[in-house]
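Q: Hey, can you walk me through this one? I'd like to start with the helix packing.

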There are 2 protein chains.
Amino acid sequence: MERTVRDLGERKVIDGLARLLPSREDVAMGVGDDAAVVRAEGDTDLLLTTDPVVEGIHFLPGTPPELAGRKAVGRCLSDIAAMGGEPLWALIDLVAPSDTPMARVLGLYEGAAELARSAGLAIVGGDTSSGPALELHVFAVGRVPRGRALLRSGARPGERLYVTGRLGGSLAGRHLRFVPRLREGRWLRDGGWVGAMIDVSDGLATDVRHLLEQSGVGAVLDLNAVPVSPEARTASDGRSPVEHALFDGEDFELLFTVAEDRAAGFEAAWAAAFALECTAVGRTTDEPGVLRALDWQGRAAILEGDGYQHFLGEGSAS
Amino acid sequence: MERTVRDLGERKVIDGLARLLPSREDVAMGVGDDAAVVRAEGDTDLLLTTDPVVEGIHFLPGTPPELAGRKAVGRCLSDIAAMGGEPLWALIDLVAPSDTPMARVLGLYEGAAELARSAGLAIVGGDTSSGPALELHVFAVGRVPRGRALLRSGARPGERLYVTGRLGGSLAGRHLRFVPRLREGRWLRDGGWVGAMIDVSDGLATDVRHLLEQSGVGAVLDLNAVPVSPEARTASDGRSPVEHALFDGEDFELLFTVAEDRAAGFEAAWAAAFALECTAVGRTTDEPGVLRALDWQGRAAILEGDGYQHFLGEGSAS
């Protein structure tokens, strides 16, 4: 029987496609990080990223269009933040059924424009097409000084893992209203604090794994330390708050490593710079690709389970 | 009654959205040309463009996926060609129903990768989402020397209008197999031949109008001179070959102006450089926004009718 993308799941689909893609000498980082990194002239690397926001998947028919538009831009800005970059320019592709009220389309762009403006991101064009679902595809370009992008691959064993904010229960509303961590990402880059960084979009458990795989290290997560959001605590679906924090995704917080001997200095500097929480949630180890979790009794077990994957996760808005 | 995007049509939708968008000082050209132009470091301007390719609109369920993928990349390359640019990097957003065979998705990317490779365009990443229709959204970055992008706005009265190749009947197959005119676009830029340039994507009549509006000039098209494709001559739908050439769209040829006193030199240089046809089809005038057509008896009338617009053109694959 013919295999479908559902049979494979998003990760294997992407792995299968990535092998086909042509590169160039000026590509510093292609598929496999929060954004691609390409060498521009001068002392600049450009960050290129794109995110789809599809009605029925990333937002619902009842979602105010301003919030769906905000989310579309926010996802790209979160990718740029996770590279330690500054946003520059974006394009938007709109797909809409022909009976879409113009007021709804304007709402999408008003939400997108407002967040873009506040982040210094120009929206310089795009295109439109009719199609069966309402969708925005945002393509964004950011900038870092040459060689200074914060990659998923920079972690070494024995570093501390930190996460900003609180995790889980994003679907209750935060996935539409989150603030991309641009200031924090740039501050982390400028301070040279970070080994590796990623934004938490697929869920902490999954995004830690992405970081481990790219860095060739392992990790232990202390489940007692994971900062759980109020919405994750009050969810009444039979899953524990920490399960929500590990697996829900769409938190758009920053997850990063700091060398153990700089951890105290880092924590003091962070507290002086930001009101936002930043929590140590574990450490990297020398077991490549192995993710362990310390439970409430201090026992370390291999962490099972996974966050959201497109194609597999059909029907659930994420 | 609430107005829908169908009531307005693509052009008014885009005009309504463009007003909302935030800009930056380093944006040389935002909405309104084949690609946006932004100032990068060094002596470079970057070209940013995006094009959607949606099943049922830009290709059909029976279209070989390699050709649909090729078209998705080709549309962006044609935009870069029309600015006189060189392609650099691209991202691709994939939307696919979960029951899409993986072989079909691989076919899309194989077609996209092959054309990208031949044009020196790296595909450096992207994203995927489930959704109701199969779609590719390609975002591409190109380059020109600073200030050298060939804009739609550069025409003056009294220039000759040229078009490459032959027009009309693209739906018979050429819309899937066209060769983006990158070599020609760059040669035109390097030679300093061009006043204004655009690619013919919406139909000659419509794209001439875009050029006129941006340049603040008028034009007379000589309908006897319009180079008509063989497919447009053999179509048996009751429309004349020249109507196909004027209104079909998706030709992805270059339409540009050359100063009258350089026209002879230009034509000789073109003939020495390329086997591809390049045909004088009219001239610009000092009647801003007015497009006249010279018929077979040499009479000039205002040209009515329009090419393809999304939302209005529901249901017709273009």
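A: Sure, and note it's a predicted model, where local features need pLDDT of at least 70, side-chain atom pairs count only at pLDDT 80 or more, and totals for chains, interfaces and linings use all residues. Residues are numbered from 1 along each chain as its sequence is written, chains are lettered from A and ligands numbered from 1 in the order in which they are written, and side-chain values use heavy atoms, leaving out hydrogens and water.
A: Helix α2 (residues 10-18) of chain A and helix α4 (residues 102-119) of chain B have axes that come within 10 Å and cross at roughly 35°. Helices are DSSP runs (H or I, at least four residues), and strands are too (E, at least two), numbered from the N terminus. Axes are lines fitted to C-alpha atoms, for helices over the stretch in contact, with angles from 0 to 180 degrees between N-to-C directions.

Q: Which residues make the contact of α2(A) and α4(B)?
A: A:V13, A:G16 and A:L17 on α2(A), with B:M102, B:V105, B:L106 and B:Y109 on α4(B). Contact means heavy atoms within 4.5 Å.

Q: OK, switching to the sheet. What's the strand order?
A: β8-β10-β7-β11-β9-β12-β13 in chain A, an open sheet of seven strands with mixed pairing. Two strands pair if DSSP finds at least two bridges between them.

Q: Which strands stand at the edges?
A: β8 (194-199) and β13 (300-302) of chain A; each has a single partner strand, so one side of each lacks a neighbour in the sheet.

Q: And what does helix α7 of chain A touch?
A: Helix α7 (residues 204-215) packs on the sheet, touching β8, β9, β10 and β12 of chain A.
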